[in-house]
Amino acid sequence: MRDRFDPLEFVSRHGVVLASGKGAVPNLAEAVAGEPIRGSWWGHPKGKEIFSALSAVADSPDVLCFRLVDGKITFVHRRLWPAVVRLAEELGPASVTAVRQEHTSTGAHRNVLTPFPKWVPREIGSAAEKLSLDEARALLGPWAVRRRRTRSPAARRPPG
């Protein structure tokens, strides 16, 4: 029998995880399910557990949500926020805009976007300044290094 799954520990351990999409980093929904998910996780037998895990992670003060990895909903643990800040220009504004879901009075959900750098606490900005670009990429993992290599030379060229 599997120990009770802790979604916050999962994000803390991996640092960068997708909410449910397929990609180059671990996937929280599949970690909760304990198996690959075909189609939408809503229809999975563990759909309620997945929803609870996603909600717990999204509500944690130690986790921010972005569309960081391949434009998909991505959770990033606080220990890696300095790396995200350091690579913000390379990652692009859409990738480093924080996304938070808000429940409206009608029961609907809406995304609240906080553009970079408005979400950056002072201590995170200070820590980011101490990182080299290579150190930041290494902290975020292989997907960040591969992402840099796939950008065109014109995209890497500084403006001006």
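What follows is a chat between a trainee and a mentor about a predicted model.

Trainee: Let's start with the salt bridges. How many turn up in the whole structure?

Mentor: The search finds eight salt bridges.

Trainee: What makes Arg13 and Glu9 a salt bridge?

Mentor: The N to O distance between their side chains is 3.0 Å. The cut-off is within 4 Å, for a side-chain nitrogen of Lys or Arg and a carboxyl oxygen of Asp or Glu, so the pair qualifies. Both residues lie in helix α1 (residues 7-14), four residues apart, about one turn of the helix.

Trainee: Why is Arg13 called partly exposed?

Mentor: Arg13 has a relative accessible area of 47%. Buried is under 20% and exposed is over 50%, so a value in between is partly exposed. Glu9, at 36%, counts as partly exposed too.

Trainee: And what makes Asp62 and Arg78 a salt bridge?

Mentor: Their side chains meet at 3.3 Å, N to O, and the limit is within 4 Å, so the label fits. Asp62 lies in the loop between α3 and β2, and Arg78 in the loop between β3 and α4 (81-86), so the pair ties together parts that are 16 residues apart in sequence.

Trainee: How do you know that Glu123 and Arg78 make a salt bridge?

Mentor: The N to O distance is 3.9 Å. The rule asks for within 4 Å, so this pair counts as well. Glu123 lies in helix α6 (residues 122-129) and Arg78 in the loop between β3 and α4, so here the parts tied together are 45 residues apart in sequence. Asp62, Arg78 and Glu123 are linked in a network of salt bridges.

Trainee: Are Asp62 and Arg78 buried, exposed or partly exposed?

Mentor: Partly exposed, in both cases: Asp62 has 34% relative accessibility, and Arg78 has a relative accessible area of 27%.

Trainee: Why is His77 called buried?

Mentor: His77 has a relative accessible area of 14%. Buried means under 20%, so His77 makes the cut. His77 is found in strand β3. Not counting residues up to four places away in sequence, His77 touches Val11, Ser12, Gly15, Asp62 and Val63.

Trainee: Is Glu30 buried or exposed?

Mentor: Buried: Glu30 comes in at 18%, and the limit is under 20%, so the word applies. Glu30 lies in helix α2. Leaving aside neighbours within four places in sequence, Glu30 is in contact with Lys22, Glu35, Pro36 and Ile37.

Trainee: Why is Gly39 called exposed?

Mentor: Gly39 has 70% relative accessibility. Exposed means over 50%, so Gly39 earns the name. Its place is in the loop between α2 (28-33) and α3. From Gly39 to Leu133 the distance is 37 Å, C-alpha to C-alpha, and the two are 94 residues apart in sequence.

Trainee: On to the strands. How do you know that β4 and β5 pair?

Mentor: There are six bridges between them, in the antiparallel sense. Pairing takes at least two bridges, so these strands count as paired. For instance, Ala98 has Thr114 in β5 as its bridge partner. β4 and β5 form a hairpin with five residues between them, and Gly107 in the turn has a positive phi of about 95°.

Trainee: What makes β2 and β3 a pair?

Mentor: Five bridges join them, and the strands run antiparallel. The rule asks for at least two, so β2 and β3 count as paired. Cys65, for one, has Phe75 in β3 as its bridge partner. This hairpin has two residues between its strands, and Asp70 in the turn has a positive phi of about 55°.

Trainee: Why is β2 described as largely enclosed?

Mentor: Because six of the seven residues of β2 are buried, the rest of the structure largely encloses this strand.

Trainee: What about the largest pocket: how many residues line it, and which lie nearest its centre?

Mentor: The lining has 25 residues, and Leu54, Ala58, Ile73, Phe75 and Gln101 lie nearest the centre. Elements giving two or more residues to the lining are α3 (47-59), β2 (63-69), β3 (72-77), β4 (98-103) and β5 (109-114). α3 gives the most, with six residues. The space in the pocket is about 680 Å³.

Trainee: How does the lining of the largest pocket divide into nonpolar, polar and charged?

Mentor: The lining has 15 nonpolar, seven polar and three charged residues. Phe75 is one of the residues nearest the centre, and Phe counts as nonpolar.

Notes: Residues are numbered from 1 along each chain as its sequence is written. This is a predicted model: local features need pLDDT of at least 70, side-chain atom pairs count only at pLDDT 80 or more; totals for chains, interfaces and linings use all residues. Side-chain values use heavy atoms; hydrogens and water are left out. On a 1 Å grid over the protein atoms alone, a cavity is a set of points where a 1.4 Å probe fits but cannot get out, and a pocket is an open set with protein on both sides within 12 Å along at least five of seven lines; lining residues have an atom within 4 Å of a point. Grid points are joined across faces, edges and corners, and a volume is the space filled by probe spheres set on the points. Buried means under 20% relative accessible area, exposed over 50%, partly exposed in between (1.4 Å probe, protein chains only). Contact means heavy atoms within 4.5 Å.
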